[in-house]
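I opened a new page for this structure. My plan is to go from the overall fold down to single residues.

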Amino acid sequence: MSLDSVVYDFQSGASPECIRQSYPALTLEQVYGAIAYYLANQDTIDQYLIEGESEFEKFQQASREKYPEWYEKMEKARKQLMASQS
């Protein structure tokens with residue numbers, strides 16, 4: 001379980017109890033500890049998350065360029081699924 005996951009949920013407004021339910025491997029004390037650590041180091045962790053998102057976007061773009069057929073297939077399947085749910 002990563003600190004990132006707990007922080008993203010916390011930033012989205014989830015309560016510690018709700019976060020705990022989402023990650024049964026964590027205790028409530030660990031969730032509160034992660035939130036306390038985040039609040040004490042918010043600027044550093046926010047910068048780390050921004051950098052991680054940027055790296056993920058670069059990876060995702062490289063993957064789309066390397067495997068365009070697969071992404072087209074996934075997009076087609078997504079559209080079909082959405083159309084069937086309408």
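**Fold**

Which pattern does the protein follow, read along the sequence? I read it off as α-α-α-α-α. I note that this is a predicted model. My tally of the secondary structure is 5 helices and 0 strands.

Next I asked why the protein counts as more spread out than a compact globule. Its radius of gyration is 18 Å, and the globule rule gives 12 Å for 86 residues. The value is well over the rule, so the protein is more spread out than a compact globule. I also looked up the span of the C-alpha trace. Along the principal axes it comes to about 45 × 30 × 20 Å.

**Surface, contacts and charge**

I checked burial next. Of the 86 residues, 16% count as buried. The accessible surface is about 6700 Å². Carbon and sulfur atoms hold 55% of that surface.

Then I turned to contacts between residues at least 6 apart in sequence. Of these, 44% join residues at least 24 apart.

For charge, I listed 8 positive and 14 negative side chains. The centres of the two sets lie 14 Å apart.

**The core**

Which residues make up the largest nonpolar core? I found 7 residues in all: Val6, Ile19, Tyr23, Leu26, Val31, Ala34 and Ile35. Helix H3, residues 28-40, gives the most to this core, with 3 residues. I add a general remark here: in soluble globular proteins, nonpolar side chains tend to be buried together.

I picked Ile35 from the core and looked up its contacts. Leaving out residues up to four places away in sequence, Ile35 touches Val6, Phe10, Pro16 and Ile19.

**Tyr23**

I stayed with the core for one more residue. Tyr23 sits in the loop between helix H2 (16-22) and H3. Is Tyr23 buried or exposed? Its relative accessible area is 16%, which is under the 20% cut-off, so Tyr23 is buried. Setting aside neighbours within four places in sequence, I find Tyr23 in contact with Met1, Ser5 and Asp9. I also took a C-alpha to C-alpha distance. Tyr23 and Thr44 are 24 Å apart in space and 21 residues apart in sequence.

**Lys66 and Trp70**

I moved on to the later helices. Lys66 belongs to helix H4, residues 42-66. At 60% relative accessibility, Lys66 passes the cut-off of over 50%, so I enter Lys66 as exposed. How far apart in space are Lys66 and Gln11, C-alpha to C-alpha? I get 33 Å, with their places 55 residues apart in sequence.

Trp70 lies in helix H5, residues 68-85. Its relative accessible area is 47%, so I enter Trp70 as partly exposed. Trp70 and Pro24 are 46 residues apart along the chain. Their C-alpha atoms are separated by 34 Å.

How values were computed
Residues are numbered from 1 along each chain as its sequence is written. This is a predicted model: local features need pLDDT of at least 70, side-chain atom pairs count only at pLDDT 80 or more; totals for chains, interfaces and linings use all residues. Side-chain values use heavy atoms; hydrogens and water are left out. A nonpolar core is a set of buried Ala, Val, Leu, Ile, Met, Phe, Trp, Tyr and Cys residues joined through side-chain atoms within 4.5 Å. Buried means under 20% relative accessible area, exposed over 50%, partly exposed in between (1.4 Å probe, protein chains only). Helices (H or I, at least four residues) and strands (E, at least two) are DSSP runs, numbered from the N terminus. Contact means heavy atoms within 4.5 Å. The radius of gyration is taken over C-alpha atoms; the globule rule is 2.2 Å times the number of residues to the power 0.38. Accessible areas come from the Shrake-Rupley method with a 1.4 Å probe; for residues, only the protein chains shown count as cover. Lys and Arg count as positive and Asp and Glu as negative; His and the chain ends are not counted. The place of a charge is taken as NZ of Lys, CZ of Arg, CG of Asp or CD of Glu.
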